[in-house]
Amino acid sequence: NRKQIARRITSPSVENDLNGDGVLSVADLLTFKKYILGYENLTEEVLSKADLNKNGKVNVFDFVRMKQLFLHNINKIVVIQNQMNDDNFGSDKLTV
């Protein structure tokens, strides 16, 4: 299943999963952005996951790092997708 492949690829970043769905996704970035802008409150547990540089503060620097991790994971998915296409698994796009 392609969703399972996508989940396995993103699993190294599960420690930074803010919404608890098991993957680092756009939803986590949106949650983080809402927090930074003051539109959403986060629990202490979620704040500890959002503190990517582990300096005790959750701020825009952590958000930028999370965005970098997300983009890095997307690049891995694209590589897997291309390999699957080359191996005659079909030409569907992987969805996350």
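In which helix do Lys49 and Glu45 both lie, and how many residues apart are they? Both belong to helix α3, where they sit 4 residues apart, about one turn of the helix. Helices here (H or I, at least four residues) and strands (E, at least two) are DSSP runs, numbered from the N terminus. The model is a predicted one, in which local features need pLDDT of at least 70 and side-chain atom pairs count only at pLDDT 80 or more, while totals for chains, interfaces and linings use all residues. Residues are numbered from 1 along each chain as its sequence is written, and side-chain values use heavy atoms, with hydrogens and water left out.

Lys49 and Glu45 form a salt bridge, their closest N and O atoms being 4.0 Å apart. The term stands for a side-chain nitrogen of Lys or Arg within 4 Å of a carboxyl oxygen of Asp or Glu, and by this rule the count comes to 1 salt bridge. With a relative accessible area of 25%, Lys49 is partly exposed, whereas Glu45 is exposed, at 53%. These words have fixed limits: buried is under 20% relative accessible area, exposed is over 50%, and partly exposed lies in between (1.4 Å probe, protein chains only).

Turning to the overall fold, the chain has 4 helices and 0 strands, giving the pattern α-α-α-α along the sequence. Of its 96 residues, 34% are buried. The accessible surface of the chain comes to about 6300 Å², and carbon and sulfur atoms hold 53% of that surface; such areas come from the Shrake-Rupley method with a 1.4 Å probe, and for residues only the protein chains shown count as cover. Among contacts in the chain (heavy atoms within 4.5 Å) with a separation of 6 or more, 52% are between residues 24 or more positions apart.

In soluble globular proteins, nonpolar side chains tend to be buried together. A nonpolar core is taken as a set of buried Ala, Val, Leu, Ile, Met, Phe, Trp, Tyr and Cys residues joined through side-chain atoms within 4.5 Å. The largest such core in this chain has 14 residues, and those with the most contacts inside it are Leu18, Leu24, Leu29, Phe32, Ala50, Val58 and Met66. Two or more residues each are given to this core by α2 (26-36), α3 (44-50) and α4 (60-86), with the largest share, 4 residues, coming from α4. Leu18 offers a good view of the packing: not counting residues up to four places away in sequence, Leu18 touches Asp28, Phe32, Val46, Lys49, Ala50 and Met66. Lys49, the salt-bridge partner of Glu45, is thus met again among the contacts of Leu18.

Helix α2 has the buried residues Asp28, Leu29, Thr31 and Phe32. Seen down the axis of α2, they fall within an arc of 160 degrees (taken from the directions from the helix axis to the C-beta atoms), so they line one face of the helix. Thr31, at a relative accessible area of 15%, touches Glu40 and Leu42, leaving out residues up to four places away in sequence. Ile36, also in α2, is partly exposed at 34% relative accessibility. Ile36 joins Leu37, Tyr39, Val60, Phe61 and Val64 in a nonpolar patch on the surface, with about 640 Å² of accessible area together. Patches are made of residues with over 30% relative accessible area and no salt bridge, where like charges are joined within 9 Å and nonpolar side chains (Val, Leu, Ile, Met, Phe, Trp, Tyr) within 5 Å. The largest share of the nonpolar patch, 3 residues, comes from α4.

The loops add some details of their own. Between α1 (2-10) and α2 lies Gly22, partly exposed at 30% relative accessibility and in contact with Val14 and Asp17, leaving aside neighbours within four places in sequence. Ser25 is placed in the loop between α1 and α2, but Ser25 counts as buried, at 10% relative accessibility. Beyond residues up to four places away, Ser25 touches Asn19 and Phe70. After α2 comes Gly38, with a positive phi near 85 degrees. Lys54, a residue other than glycine, has a positive phi as well, near 55 degrees. Lys54 is in the loop between α3 and α4 and is exposed, at 57% relative accessibility.
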